[in-house]
Amino acid sequence: MPTVVVGAGAAGLLAAIFAATRSAVTVIERTSDGGRKILISGGGRCNVLPSRPAPERFVTSSRPHLLRGMLRAWPLDAQRTFFEEDVGIRLALEKNTGKLFPVSNRARDVRDGLVLLARRRGVRFQFDTSFVDLTPGERGWQVVTSRGSIPARAVVLATGGLSVPATGSDGGGLQVAARLGHRVHDTYPALTPLVTDPPAHAALAGVSLDVRLRARWRGRTTESAGGLLFTHRGFSGPAVLDLSHIAVQSRLAGDAADARAILRVAWSTRSGPDWLADLASARGLVTTAVARHLPDRLARMLVASARVPADRRASELRRGERTALIDALTAFVLPWTGDEGYKKAEVTGGGVALDQVHSRTLESRHAAGLFLCGEMLDAFGPIGGHNFAWAWATGRTAGLSAAGAGTGRAVD
């Protein structure tokens, strides 16, 4: 009987590729081609990996040491070697972001390369096939699909979470895992744009810049840095996406609007004293002085938000106006009211608690011969290839372990 991998996303493809070194493998995939999140990642370029590990920036409700161990099972340098030598995808470092992209800048090359490698290793794909359920079999499992049942010696569930449902994710695997006795932490959209209703800054749509962002909720402050993009509905960009889970969790907690997460923006690396020095030496309008360091539309909005008249000269700035302006420049409160949800979330927060699987093999502690990986597990990282690194690493571990299930062979 084959090892069956359910899901042909990033984690599922890796699971299939590595399971095929030890076992016959069949992959069940509801879409017609698989890997659709790979195709849309990085604006169609696919940020395959980060240049440096950052386990401390991952988010989980499980014990962090379990997450770190799962990531260390396949270090980044080994992952890069796999993509360049086995998949045949040369990677190039984007120095200003620390991200690794395929030299071709084509996400399709990454997805197609993984599928081709899997086929070369003998993996059989059943596309356009929906996963329905798992039931115990005589010597393993019966994988129930829209086309019938498949007997399996071992099963890897790599069905993903709930993010970007247009790519085929529906959370079905999480429901099956819960039914089989696994503790599943509440799920929520993560790495998702924030919105404001009414759209207070729609006039700034398209303005993009690097910022520092702080989120404070229930006495805890978390920081991020990177790009912020004004959209017609609110805010996006890496700095916003990396902290969006805090806003989402505060909304889902049912707190009153005034008790939700507060997000404050420093619009540049300039400190309060730096801005004070600029304003003290500036000649001409306050707006002109601010626009020397920030986009003009944004500068005008910030000056107006501080209730500084548009025709105020820097030399005539009043004490109260100066204090309000420095606050707007270094600790502006981002007026978010909601988020874009799973539709635009890059990952799913929550999921199967990490202690529900054996950390070295990712085999279920509740169902022998069942292995879980990728976005199904309760962990996600920041923007920048970290979530692919998680998918590649856990997919590999689950695949190797599933193929060796019952043989006594450990993961390499």
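1. A good place to start is helix 8: among what covers its buried residues are helix 9 (286-291) and helix 11 (319-330). Contact here means heavy atoms within 4.5 Å, and helices (H or I, at least four residues) and strands (E, at least two) are DSSP runs numbered from the N terminus. Please keep in mind that this is a predicted model, in which local features need pLDDT of at least 70 and side-chain atom pairs count only at pLDDT 80 or more, while totals for chains, interfaces and linings use all residues. Residues are numbered from 1 along each chain as its sequence is written, and side-chain values use heavy atoms, with hydrogens and water left out.

2. The buried residues of helix 8 (residues 272-281) are Gly 272, Trp 275, Asp 278 and Leu 279. They sit on the same side of helix 8 because they cover an arc of only 125 degrees around the axis; the arc is that of the directions from the helix axis to the C-beta atoms. Buried means under 20% relative accessible area, exposed over 50%, and partly exposed in between (1.4 Å probe, protein chains only). Turned away from that buried side is a face with the exposed residues Pro 273, Ala 280 and Ser 281. As a reminder, an α-helix has 3.6 residues a turn, so residues three or four places apart point the same way.

3. Helix 3 (residues 64-72) is worth viewing next, with Leu 66, Leu 67, Met 70 and Leu 71 buried. Seen down the axis of helix 3, these buried residues fall within an arc of 135 degrees, so they line one face of the helix. Helix 12 (386-403) is included in what covers them.

4. Now the loop between strand 10 (154-157) and helix 6 (172-179), where Thr 167 is found. Thr 167 counts as buried because its relative accessibility is 12%. Leaving aside residues up to four places away in sequence, Thr 167 touches Thr 31, Arg 36, Lys 37 and Ile 40. Its C-alpha atom is separated by 8.2 Å from that of Gly 35, although the two residues are 132 apart along the chain.

5. Val 164 lies in the loop between strand 10 and helix 6 too. Its phi is near 45 degrees, a positive value in a residue other than glycine. Val 164 is buried, with a relative accessible area of 14%.

6. Two further backbone details may be useful to inspect. Leu 191, in the loop between strand 11 (184-190) and strand 12, has phi near 50 degrees, again positive in a residue other than glycine; Leu 191 is buried, at 2% relative accessible area. The peptide bond from Asp 197 to Pro 198 is cis, with omega near 0 degrees, and Pro 198 is found in the loop between strand 12 (194-195) and strand 13 (208-217).

7. Finally, the whole protein chain: it has 12 helices and 20 strands. Its radius of gyration is 24 Å, close to the 22 Å that the globule rule gives for 412 residues, so the chain is as compact as a globular protein of that length. That radius is taken over C-alpha atoms, and the rule is 2.2 Å times the number of residues to the power 0.38. The C-alpha trace spans about 85 × 45 × 35 Å along its principal axes. Of the 412 residues, 55% count as buried. Among contacts between residues at least 6 apart in sequence, 71% join residues at least 24 apart.
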